[in-house]
Amino acid sequence: MLDLLKGPVLAIQEFFVLTGAAFRNILRKPHYGDDVALQMDAIGVGSLPITALIGAFSGAVMALQMSRALANYGQVSRTGTIVSITLVRELGPVLTAVMVAGRNASGIASELGSMKVTEQIDAMRALGTDPVQKLVTPRLLATAFMLPLLTIIADFVGMVGGWLIAVGYLNLTTRQFWTTAWQALEWNDVAQGLMKPLVFAMVIALIGCFYGLRASGGTQGVGRATTHAMVAATILIFILDLMITKVFVSS
Amino acid sequence: MPTPSTSPVLQFEDVTMSFDGVAALSNVSFQAYAGESRAILGAAGSGKTVLLKAALGLVKPDSGRIFAFGRELTMLSEKELFDVRARIGMLFQESALFDSLTIEENVAYPLLNQKTMKVPKPEVRRRVAEALDFVELGGTLEKFPAELSGGMRRRAAIARAVVTAPPLILYDSPTAGLDPITAHTIMALIVKERDAAKTTTLMVTYRYQDGNLMANFRYNSERGRLELARHEGSTTFMVLREGRLIFEGDQDRLEASNDPYISRFVKQRT
């Protein structure tokens, strides 16, 4: 029984060691600004079209679904409230994070995994570079910076999607929709709407790097690392989402 | 000739290492002195690569001690190890060139990233060009590793290993997976580097003919080619079997060995 637990416990320990090293390196020299910018482009700009698309459709679907429920109470005019609250608190952060996890946690794991199995990570260490400093910290910083931005964009585009449905299908006025949407939001909503992507970003980057740097066994190992990274990051996103929501709802 | 009176460049003391319960190195001890060449023979999985990685401090032994340039690698932190690694060149088995960088950036990498180097930018370009000329890859500066053939990648990786002029160079199966002509070219470069820069050379290989070439040829810088010249005692052969060092000595002793595992390697002589 103890032997069975040894592997997972060691893996968790390694993950936290990597996390600690990645955060420590934020303040340590050398800083790889170019790599941070490159990753911002790959993770942020690269994910923009898909997250905007997902945001728009989820906002529109939300408006359609909720309008039916609200119609029972004669409150269709409050569609903007429901759309903005669900998007900012929940759908925006989670859907964006799941999309970015699918796209980038796996991308990071496969890139670092390929480097690991072709000895490029060893070469890096042999040639005077700390792989955590050069590869993990820039990805962590770039994701932590870009995911909240992507979420804000997804939230906004989602509301636009909701507005299109509200105006075109539910016969609400533009003013009605945006006023209720705007007034529904409190600081608490905005805070959790930004706190979530920040935490999710760390999970995506660190899980991707962790599985990538642990890859072994050739191309098959890289494939395994990629799948594990995507699955683990997605599961952690949902678990952490529940925990953060609980904290904000209680407060 | 090795000079045992001076301290060794590289020293293994009873080094034992295992991965997931499988022994990779078992009680390995040897000393390599300045100017010495060592050819380490062994089949796949005999611990050759692990031995070289341990010499660089990339993996830590379970027990035993490793010294490079008088510093005990097993006691150093990763940061302190960078200073020692700056004095060791390494050719990895699959070349391990960085895919995302051009050949020029790859070769310049150690000059720009090793803290002890502090090479000014114009000097970097000159030294990179020099190293690439050395391996006869002068026209590939802007190319990416994926655009080169296996042999050319191996040559570029040699350029990266020698660009800092390290006093100790480790070669991990430099001819693995190459055709005989390219393999000979790579071996010629290794001998050329050894004789031109007087570096201490450790080469692991499963091909006896590589060790044979290393032991019996030297580079004539005036004529610019390899010449048959057996220099007694400067090349030591080591044979690894399942992590154990089962032979250490010169070529004559190796060829005279009755051990069936050793004679399987020696019979490959061409």
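Guide: Helices (H or I, at least four residues) and strands (E, at least two) are DSSP runs, numbered from the N terminus. This is a predicted model, in which local features need pLDDT of at least 70 and side-chain atom pairs count only at pLDDT 80 or more, while totals for chains, interfaces and linings use all residues. Residues are numbered from 1 along each chain as its sequence is written, with chains lettered from A and ligands numbered from 1 in the order in which they are written.

Visitor: How many helices does chain A have?

Guide: The C-alpha trace of chain A spans about 70 × 45 × 35 Å along its principal axes. Read along the sequence, the pattern of chain A is α-α-α-α-α-α-α-α. The chain has zero strands, and its helices number eight.

Visitor: What percentage of the residues of chain A count as buried?

Guide: A residue is buried if 20 or more other C-beta atoms lie within 10 Å of its own, exposed if 12 or fewer, and partly exposed in between, with C-beta atoms placed from the backbone. Chain A has 251 residues, and the share that counts as buried is 48%.

Visitor: Which helix gives the most residues to the largest nonpolar core?

Guide: A nonpolar core is a set of buried Ala, Val, Leu, Ile, Met, Phe, Trp, Tyr and Cys residues joined through C-beta atoms within 7 Å. The largest one holds 139 residues, of which A:I204, A:I207, A:A233 and B:A159 touch the most other members. With 16 residues, the greatest contribution to this core comes from residues 79–117 of chain A, helix α3.

Visitor: Which residues does A:I207 touch, not counting those up to four places away in sequence?

Guide: Two residues are in contact if their C-beta atoms, placed from the backbone, lie within 7 Å. Leaving out residues up to four places away in sequence, A:I207 touches A:A105, A:A229, A:A232, A:A233 and A:L236.

Visitor: In which loop of chain A does the residue at the end of the cis peptide bond from A:K29 lie?

Guide: The cis bond runs from A:K29 to A:P30, with omega near -5°. A:P30 is found in the loop of chain A between α1 (2–27) and α2 (33–72).

Visitor: Is A:N171 buried or exposed?

Guide: A:N171 belongs to the loop between α5 (131–168) and α6 (174–184) of chain A. Although not a glycine, A:N171 has a positive phi of about 60°. Because it has 10 C-beta neighbours inside 10 Å, A:N171 counts as exposed.

Visitor: How many residues does chain B bring to the contact with chain A?

Guide: Here Ala, Val, Leu, Ile, Met, Phe, Trp, Tyr, Cys and Pro count as nonpolar, Asp, Glu, Lys and Arg as charged, and the others, Gly among them, as polar. Chain A supplies eleven residues to the contact, and the number from chain B is 18.

Visitor: How many charged residues are on the side of chain A that touches chain B?

Guide: The contact takes eleven residues from chain A. By class, three are nonpolar and four are polar, and the number that are charged is four.

Visitor: Where is B:N27 placed?

Guide: B:N27 has a positive phi of about 45° although it is not a glycine. Because it has 15 C-beta neighbours inside 10 Å, B:N27 counts as partly exposed. Its place is in residues 22–32 of chain B, strand β2.

Visitor: Which residue of β7(B) stands opposite B:G89?

Guide: In strand β6 (residues 88–91) of chain B, B:I88 and B:M90 point one way and B:G89 and B:L91 the other way, all of them buried. Two strands pair if DSSP finds at least two bridges between them. Four bridges join β6(B) to the parallel strand β7 (residues 168–172) of chain B. Opposite B:G89 in β7(B) stands B:I169.

Visitor: Which residue in the hairpin of β9(B) and β10(B) takes a positive phi near 70°?

Guide: Strand β9 (residues 217–220) and strand β10 (residues 225–228) of chain B pair in the antiparallel sense over four bridges. The bridge partner of B:N220 in β10(B) is B:R225. Four residues lie between the strands, and the one with a positive phi near 70° is B:G224.

Visitor: What separates the C-alpha atoms of B:R244 and B:S46?

Guide: B:R244 has its place in strand β12 (residues 244–249) of chain B. With 16 other C-beta atoms within 10 Å, B:R244 is partly exposed. B:R244 and B:S46 are 198 residues apart along the chain, and their C-alpha atoms are separated by 7.8 Å.
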